[in-house]
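Here is an informal walk through one structure, backbone quirks and strand pairings included. Have the coordinates open while you read.

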Amino acid sequence: MTLSRRDVMAASGLVLLGASAVSGRAQAQAIPEAPTMGDAKMRPPLRPTSGPDYQPVVTLNGWTLPWRMKDGWKEFHLVAEPVVREMAPGMVAHLWGYNGQSPGPTIEAVEGDKVRIFVTNRLPEHTTIHWHGQLLPCGMDGVGGLTQPHIRPGQTFVYEFVLQKSGTFMYHPHADEMVQMAMGMMGFFVVHPRDPKLHRVDRDFVFLLNAYDIRPGAYVPQANTMLDFNLWAWNSRVFPGIDPLVVRQGDRVRVRVGNLTMTNHPIHMHGYDFEVTCTDGGWVRPEARWPEVTIDLPVGAMRAYEFVADYPGDWAIHCHKSHHTMNAMGHDVKNYIGVDKREFTKKMRRLVPDYMAMGSAGMADMGEMEMPLPDNTLPMMSGFGQFGPVEMGGMFSVVKVREGLAANDYADPGHYKHPPGTVAYEWKGAPPPAPAATGSSAPRAPVPNTGLRAVKPSGGHGQHR
Ligand SMILES: [Cu+2]
């Protein structure tokens with residue numbers, strides 16, 4: 001096996017060392033090196049090596065793009081290319097992304113920075129990059145045909161602009177729009193305030209919401225799907241493949257989320273209330289904030305919320321659309337609750353000896369069962385907590401708040417140890433009395449026959465009202 005230079009860089013972790021890691025040879029080149037990432041492991045935040053200090057962000061299952069300084073410009077290099085992304089252990093997707101992964105690496109810089117971003121196109125078709133939310137000259141806005149010619153395969157384009165304000169932004173193509181975003185092309189762009197004390201937090205997490213339609217056993221997303229996606233992802237990962245948000249008790253925490261799917265997502269976090277402090281339009285003035293426990297993210301929008309992590313625990317964080325907390329097998333499954341399938345099962349087993357009837361009492365058994373699946377797909381729901389299966393997939397993760405973690409320690413601390421007497425428990429006393437013959441549980445009286453019958457309305461609309 002031969003390793004390319006890019007493989008070696010990814011494997012050695014060289015890419016994580018920031019500007020100082022860019023070799024002398026690269027300095028001499030006109031175009032900065034384009035580091036690449038070979039897997040979906042979360043990399044530690046990239047501390048600033050020059051300029052104002054800031055608390056760097058952590059990209060769930062992702063990484064931050066190193067840069068170099070050249071003549072006062074902060075230079076980055078993005079490569080648009082086909083990538084293989086593991087969406088959770090047991091399933092990979094053949095997507096399009098940047099620098100080896102989808103989403104692409106997070107770009108971080110400081111308000112007032114002059115940034116020069118090289119974009120090389122290694123896709124089989126043209127592309128561009130739009131810098132969502134940035135205030136910049138129109139010709140840097142990245143709308144193919146409108147503000148620039150498309151970047152053809154093999155070409156490299158250069159974007160140059162001054163970062164006018166701090167905040168929460170993203171990047172994505174404005175070329176073959178539907179296909180390129182359905183294939184995973186997107187990334188985060190965070191601009192820190194020039195004043196290190198402004199909007200300071202101790203931990204700052206970022207992730208993008210994305211949706212894929214990858215049929216069980218397939219590798220490439222259906223790009224023409226409008227709404228009926230079957231994999232609802234954060235940073236192109238699905239539960240149980242999504243990193244936990246590891247937090248030290250007492251830390252001030254910010255979570256930044258961007259939505260590049262085709263529907264809204266009510267993101268709900270347990271255990272806390274919090275306030276939206278930033279959108280892709282800028283920082284929200286303190287007097288304009290209000291408490292929330294769920295934030296609805298419209299399509300093409302970003303929200304950042306903050307809280308102080310006072311309460312230790314393993315707190316669920318998830319999209320509140322329940323279909324979005326299921327993986328691929330949840331698609332097109334009928335609801336059989338209350339259906340007696342015993343006769344049917346007997347008949348089916350004559351044809352298919354392994355046939356299992358499921359769902360007559362709900363579908364929780366899917367979470368416990370290890371069923372043979374087609375290659376390269378995921379169970380509808382999987383992942384285990386300390387008390388059993390967590391019956392969700394998709395857009396779900398856990399905020400793990402722990403006492404006494406080291407600053408910037410993001411390693412998974414394992415399951416939360418609940419203090420004695422603080423876990424819901426089974427009642428072991430006398431069973432509840434049988435339903436009394438009075439009140440709401442009394443047998444219902446037969447419905448009296450009033451002589452009224454439903455009739456098919458005749459004549460024009462509205463007649464039957
Ligand atoms: Cu959702």
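## Strand β20 and its partners

Two strands count as paired here if DSSP finds at least two bridges between them. Keep in mind that this is a predicted model. With that in hand, take strand β14 (residues 252–259), which pairs with β20 in the antiparallel sense over seven bridges. In that pairing, G258 stands opposite M302 in β20.

Strand β16 (residues 274–279) is also joined to β20, again running antiparallel, this time by four bridges. Here E275 faces E306 of β20. So how enclosed is β20 (residues 302–308) by the rest of the structure? Largely, because five of its seven residues are buried.

## An open four-stranded sheet

Next comes an open sheet of four strands, in the order β5-β10-β9-β7 and with mixed pairing. Its edges are β5 and β7 (130–132), each of which pairs on one side only. Neighbouring strands in this sheet are turned by 25° against each other on average, ignoring direction.

Zooming in on β9 and β10, these two run antiparallel and are joined by five bridges. M170 sits opposite F188 of β10.

## Two cis prolines

As a reminder, most peptide bonds are trans. Which bonds go against that habit? One is the bond from S102 to P103, which is cis with omega near 0°. P103 belongs to the loop between β4 (91–98) and β5 (107–110).

The bond from F239 to P240 is cis too, with omega near 10°. Look for P240 in the loop between β12 (231–234) and β13 (245–248).

## Positive phi without glycine

Most residues other than glycine have a negative phi. D176 has a phi near 35°, a positive value in a residue that isn't glycine. You'll find D176 in the loop between β9 (167–172) and α3 (177–182). Is D176 buried or partly exposed? It's partly exposed, because 19 other C-beta atoms lie within 10 Å and buried status takes 20 or more.

H199 also has a positive phi, of about 55°, although it is not a glycine either. Its spot is the loop between β10 (187–192) and β11 (203–212). H199 has 20 other C-beta atoms within 10 Å, so it counts as buried.

## G97 and its surroundings

Now for G97, which is located in strand β4. G97 counts as buried because it has 26 C-beta neighbours inside 10 Å. Leaving out residues up to four places away in sequence, G97 touches V83, R85, S102, P103, G104, G184 and M185. That list takes in both S102 and P103, the two residues flanking the cis bond with omega near 0°.

How far apart are G97 and V79 in space, C-alpha to C-alpha? The gap is 8.2 Å, with their positions 18 residues apart in sequence.

## Inside the nonpolar core

The largest nonpolar core has 90 residues, and L231 and V238 touch the most other members. What does V238 contact, once its neighbours within four places in sequence are set aside? The partners are M87, A88, L231, W232, A233, N327, L378, G393 and G394. So the two residues that touch the most other core members are also in contact with each other, as L231 is on the list for V238.

Notes
Residues numbered from 1 in each chain as written. Predicted model: local features only at pLDDT ≥ 70, side-chain atom pairs only at ≥ 80, totals over all residues. Buried ≥ 20, exposed ≤ 12 C-beta atoms within 10 Å, placed from the backbone. Core = buried A, V, L, I, M, F, W, Y, C linked by C-beta atoms within 7 Å. Contact = placed C-beta atoms within 7 Å. Axes fitted to C-alpha atoms, helices over the stretch in contact; angles between N-to-C directions.
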